[in-house]
Amino acid sequence: MRYIASFLIMFFCVLQLSFAQDKTSSSSDFVIAFGSCNKQNSPQPFWNEILKNTPDLFIWGGDNIYADSNDMSKIESDYTIQNSNPDYQKLKKVVPVMATWDDHDYGKNDAGVEWNKKEESQQLFLDFLEVSKEDPLRDQNGIYTSRVFEIEKGSVKVIVLDTRYFRSALRKSTEEGRRYEPYENNEGTVLGEAQWKWFEKELASNYSDFVLIVSSIQFLSSEHGFETWGNFPHEVKRLNDMLIRNGVRNAIILSGDRHISEFSMTRVKGLKYPLIDFTSSGLTHSYAEYKGESNKYRIGRVISTPSFGMLKFDLDSYTVTMQIRGENNIVLQEYKRQYPKK
């Protein structure tokens, strides 16, 4: 019986997760590539590999450059270096680009609302994305935005959150091995009230088949003691409650920051589907000395080599194929999930 049980467990895992290279499918109705943690002065081997997957959209997940400076001319120069990368230029010519930021392109490690250069930094971020000077984002506090992609069989909505501009300063931990500890008694915020109100309107008015929520920091994994939504547990509950209250269809969270890539999943009572947090990090470097960390929501294994993320949507079966791809476009890990049509 022990051997039968082991076989059944192995069979189930093979159904859900694949660790071998596959051929790039051309049958997907919509394809998203995304990634984070990109050093502008380092070799960037993935732009051509990403293009092999013929994405309909590329999403920056944050730390799009490593600037870490209160000198705005340095940040501007670093963005110029990245925009001048010839392979990235090739991608920009044929693929729409959306983006959030994280701390290193925001300007200061682990910074939030307290960063005194955030207004200037926002304008440089928008310059990097070639946002028009007349765009309302230029006058908005924070870089949150959204876009609906209409395709023949349906639509996909991408909601980009700003987890920096309004986020309360983090609470330092006294526990060895942990950098931060969670707030208590509903104190602190990730998004700030203005962004929360905007976010709820975006969810309430949604009609798309799938909703991608882009967060620079991980939403589910919270045991590692670094930056995470888990440092604000009441904000995690608020987002979950909003998904339930608004009957949001088929939401998937994309995150970066950690220099590792992994899939995390939980069941939220009131949602008809499991909530997945797909972390992709990093594009130019990774946590090479990774030796393991707890994440009760993890499915599959941690990828601690440079990688990028792919999501391939089949709107006939409502199946999303999520892939962590690495050198030479090899699939390092894959997760498939069929979502409800109604």
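This is a short walk through one protein chain, from its overall form to two of its helices, its core and a few backbone details.

Please keep in mind that the model is predicted. I will start with the whole chain. The protein chain has eight helices and 16 strands. Its C-alpha trace spans about 65 × 50 × 45 Å along the principal axes. For 342 residues, a compact globule would have a radius of gyration near 20 Å, and the protein chain has 19 Å, so the two agree. Of those 342 residues, 56% are buried. The chain exposes about 15300 Å², and carbon and sulfur atoms supply 51% of that area. Now the contacts: taking those between residues at least 6 apart in sequence, 72% join residues at least 24 apart.

Next, the core. Nonpolar side chains tend to be buried together in soluble globular proteins. Here the largest nonpolar core has 92 residues. The residues with the most contacts inside that core are I32, V158, F199, W229, L311 and M322. Let me take M322 as the example. Which residues does M322 contact, leaving aside neighbours within four places in sequence? They are I252, F263, I276, F278, M310, L311, Q333, E334, Y335 and Y339. L311 is thus a contact of M322 and is also on the list of core residues with the most contacts.

Now two helices, beginning with α7, which covers residues 192–204. Its 13 residues should span 18 Å at 1.5 Å a residue, and the end C-alpha atoms are 18 Å apart, which agrees. Buried in α7 are G192, Q195, W196, W198, F199, E202 and L203. Those residues cover an arc of only 165° around the axis, so they are on the same side of α7. On the other side, K197 and K201 are exposed. The cover over the buried residues includes strands β5, β6 and β9, along with helix α8. F199, buried in this helix, is one of the core residues I listed earlier.

The other helix is α3, residues 72–83. It has 12 residues and reaches 16 Å from first C-alpha to last, close to the 16 Å expected. Its buried residues are M72, I75, D78, Y79, Q82 and N83. Seen down the axis of α3, they fall within an arc of 135°, so they line one face of the helix. The general background is that an α-helix has 3.6 residues a turn, so residues three or four places apart point the same way. Among the elements covering the buried residues of α3 are α2, β3, α4, α5 and α6.

Last, the backbone. Most residues other than glycine have a negative phi, and most peptide bonds are trans. Three places here depart from that pattern. The peptide bond from S281 to G282 is cis, with omega near 5°. G282 lies in the loop between β12 and β13. N185 has a positive phi, near 60°, and sits in the loop between β8 and α7. Y318 also has a phi near 60°, and its place is the loop between β14 and β15.

Are these two residues with positive phi buried or exposed? N185 has 68% relative accessibility and counts as exposed. Y318 is buried, with a relative accessible area of 6%.

That is the end of the tour.

Definitions and conventions. Residues numbered from 1 in each chain as written. Predicted model: local features only at pLDDT ≥ 70, side-chain atom pairs only at ≥ 80, totals over all residues. Heavy atoms only, no water. Core = buried A, V, L, I, M, F, W, Y, C linked by side-chain atoms within 4.5 Å. Buried < 20%, exposed > 50% of the residue type's maximum accessible area, 1.4 Å probe, protein only. Contact = heavy atoms within 4.5 Å. Helix = DSSP H or I, 4+ residues; strand = E, 2+ residues; numbered from the N terminus. Expected span 1.5 Å × (residues − 1). Arc of directions from axis to C-beta. Rg over C-alpha atoms; globule rule 2.2 N^0.38 Å. Areas by Shrake-Rupley, 256 points an atom, 1.4 Å probe, with all protein chains shown as cover.
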